[in-house]
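Thanks for sharing this one. Here are some notes to read alongside the model, set out as numbered points.

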There are 2 protein chains.
Amino acid sequence: MADRVQQITAAARELLETEGPDALSMRRIAERVGIRAPSLYKHFPDKGAVEAALQAQGMAQLAQELEAIEAEIGVEPPMPALARAYRQHALANPHLYRITHTRPLARTALPEGLEDRAGMPLVRAAHGDIDIARSLWAFAHGMVVLELDGRFPPGADLDAAWRVGCEAFAHAIHAKSQGDTA
Amino acid sequence: MADRVQQITAAARELLETEGPDALSMRRIAERVGIRAPSLYKHFPDKGAVEAALQAQGMAQLAQELEAIEAEIGVEPPMPALARAYRQHALANPHLYRITHTRPLARTALPEGLEDRAGMPLVRAAHGDIDIARSLWAFAHGMVVLELDGRFPPGADLDAAWRVGCEAFAHAIHAKSQGDTA
DNA sequence: ACTTGACGGCTAACACCGTTAGCCGTATGG
DNA sequence: CCATACGGCTAACGGTGTTAGCCGTCAAGT
C-alpha cells in the first residue's frame, strides 16, 4: 500500500517502455495497479498529469546521466562524450525520451530547477555561451528524434553526422573563447 | 464531383491547419466533405493513408519553398537564407510540419524522388558533403521542433541561436572545401 | 462513545475515436 | 437487358478519456 501516486507512475513507466505509447491508457495503467480506471482520478487530475510525472522522470534521468559523464571525463573536451551519452539515453529509452522531450513541457509539475539542471552540462560544454548551448541542444535533439523516427536513409552513417556536428560546434566554442579573451 | 481523394486530402489539410491535430478525425474529415466516415474507406485504406497524403503535401511544399530561396539568392552563402526559409515554413504551417516531419515517413506513399528533392538544398549548401548536410538538417529540425513545442525558455533569443548554429556549420563547410582541394 | 467527514475504491455512463460488415441505388460496360 | 463495380449509407464493435454518483472504511472531533 505504498504511495499510490508512485505506484501509478511506476506502472505507467513500465507500460510505456514495454509496450509503447499506444498502450499508455488509463485503463491499462489501472489494470497494472490492480484498480479501475476511474480510481486513478483520485490521485491524478487527468492523463496529462501522469504523463507529466513521466516527463519529470525522463528529465531527471537524462540530467543524471549527463552529469555522470561530466564527472567521468576529466578536462577532456566534453562534447563527443556528452553527445554519445545523450544519444545513448534516447536510444535506450525511446518512448520515455519522446514523451519527455517531444511535446510541451509540464513545467509546473517539474521539480524546481530540474529543467535547468538537465541543460547545464551543455551550457558548460559551450563555455557558458547560451546561444551555442541552445543550438548544440537543437542539433543533438534533432539527430535523436530523426533517428528515433527512422527519418534517415537506411544506410546513413549517423556516427559520421554526429562527428561533424560535434566538430563544428567544438570549433565555434573554441573560436568564441578566443574572441572573449582577445 | 472532383476527385474525391483530392477533396478528402483538402478537407483534412484545412481541418489540420485550422483546428489542430486533435480535430483530424475520420468523422470530422467526412463531415467537411459532406459524407459519412465509413465512406472514406472507399478512397483510403485507413487514417494513416490520408495522413500520408498530408505528409506528401508538406514535403512538397517545403521542397518548393527551399528551391525558391535557392533561386532567389545568387552566389551568396545560402545557409542563413535557407535556415530562415526552413524556420518560416515550419512556423507558418506548424501542424503540417509536425505531421510531415515528426513521425515515421510513409515513403511508399510519397511521389518518387520527392524526399531526395526536399533534402537537396541542404546537400548543396553543404557542398555535397552528406554528413554535414545531415547534421545541418538535424540542427534545423531540432531548432524548429523545440520552438514549436515551446521548449525554449520564454525570453530565449532564438535568432541568436540560429545564427551561431549557421555560422558553425558554414565554417565546417568552408573548412571541408579547403581540405578537399588541399 | 458516537458522529462526521474525508479518502479511495467501485459501477454506469457519455461522447468520442478508428474501423468493419453488410445493404443498396446508380451507372457503366458486355 | 443484365451484371458488376462504384460509392454512398446505417449499425455496430471495441477502444479511449472522463464524469457522476454510490459506498465502505477509518480517523478525528465533540
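1. How far is a phosphate oxygen of DNA strand D from a polar backbone atom of B:Arg36? The distance between the phosphate oxygen of DNA strand D and the B:Arg36 backbone atom is 2.6 Å. That makes a polar contact, meaning a pair of N or O atoms within 3.5 Å; within protein, one atom must be able to donate a hydrogen and the other to accept it, and residues adjacent in sequence count only if both are side-chain atoms.

2. A word on ground rules before going further. This is a predicted model, in which local features need pLDDT of at least 70 and side-chain atom pairs count only at pLDDT 80 or more, while totals for chains, interfaces and linings use all residues. Residues are numbered from 1 along each chain as its sequence is written, chains are lettered from A and ligands numbered from 1 in the order in which they are written, and side-chain values use heavy atoms, with hydrogens and water left out.

3. Staying with DNA strand D, there are 16 residues around this strand, and those that come nearest are A:Arg27, A:Tyr41, A:Lys47, B:Arg4 and B:Arg36. Here "near" means that a heavy atom of the residue lies within 4 Å of the strand. The side chain of B:Arg4 places an N or O atom 2.3 Å from a phosphate oxygen of DNA strand D. From the other protein chain, a polar backbone atom of A:Met26 is 2.9 Å from a phosphate oxygen of DNA strand D.

4. What does the surface near DNA strand D consist of, by class? There are 6 nonpolar, 3 polar and 7 charged residues. In this scheme Ala, Val, Leu, Ile, Met, Phe, Trp, Tyr, Cys and Pro are nonpolar, Asp, Glu, Lys and Arg are charged, and the others, Gly among them, are polar. On the DNA side, 48% of the strand D atoms within 4 Å of the protein belong to sugar or phosphate, and the rest to bases.

5. Now for DNA strand C. Of the 17 residues around this strand, A:Arg4, A:Arg36, B:Ser25, B:Met26 and B:Arg27 come nearest. Helix α2 (residues 26-33) of chain B gives the largest share of the surface, 3 residues; helices are DSSP runs of H or I with at least four residues, numbered from the N terminus. By class, the surface near DNA strand C has 6 nonpolar, 3 polar and 8 charged residues.

6. Both backbone and base of DNA strand C are touched. Sugar or phosphate accounts for 50% of the strand C atoms within 4 Å of the protein, and bases for the rest. A polar side-chain atom of B:Ser25 is 2.8 Å from a phosphate oxygen of DNA strand C, and a polar backbone atom of B:Met26 is also 2.8 Å from a phosphate oxygen of this strand. For a base contact, look at A:Lys42, whose side chain has an N or O atom 2.9 Å from a base oxygen of DNA strand C.

7. How are the two protein copies related? Chain B can be laid on chain A with an RMSD of 0.1 Å by a turn of 180° and a shift of 0.0 Å along the axis, so the copies are related as by a two-fold rotation axis. The same surface serves both copies, with 100% of the contact residues of chain B recurring in chain A. The superposition is by least squares on the C-alpha atoms of residues with pLDDT of at least 70 in both copies, and contact means heavy atoms within 4.5 Å.

8. Over all chains, there are 11 aromatic pairs. Rings of Phe, Tyr and Trp (its six-membered ring) pair if their centres lie within 6.5 Å, and planes under 30 degrees apart are stacked, over 60 edge-to-face and the rest tilted. A:Phe139 and A:Phe169 make a tilted pair, 5.8 Å centre to centre with 40° between the planes. A:Phe139 lies in helix α7 and A:Phe169 in helix α8 of chain A, so the pair ties together parts that are 30 residues apart in sequence.

9. Finally, A:Thr100 is worth a look, in helix α5 (residues 94-101) of chain A. Is A:Thr100 buried or exposed? A:Thr100 is buried, at 0% relative accessibility; buried means under 20% relative accessible area, exposed over 50% and partly exposed in between (1.4 Å probe, protein chains only). The A:Thr100 side chain reaches the backbone oxygen of A:Leu96 at 2.6 Å.

Definitions and conventions: Helix = DSSP H or I, 4+ residues; strand = E, 2+ residues; numbered from the N terminus.
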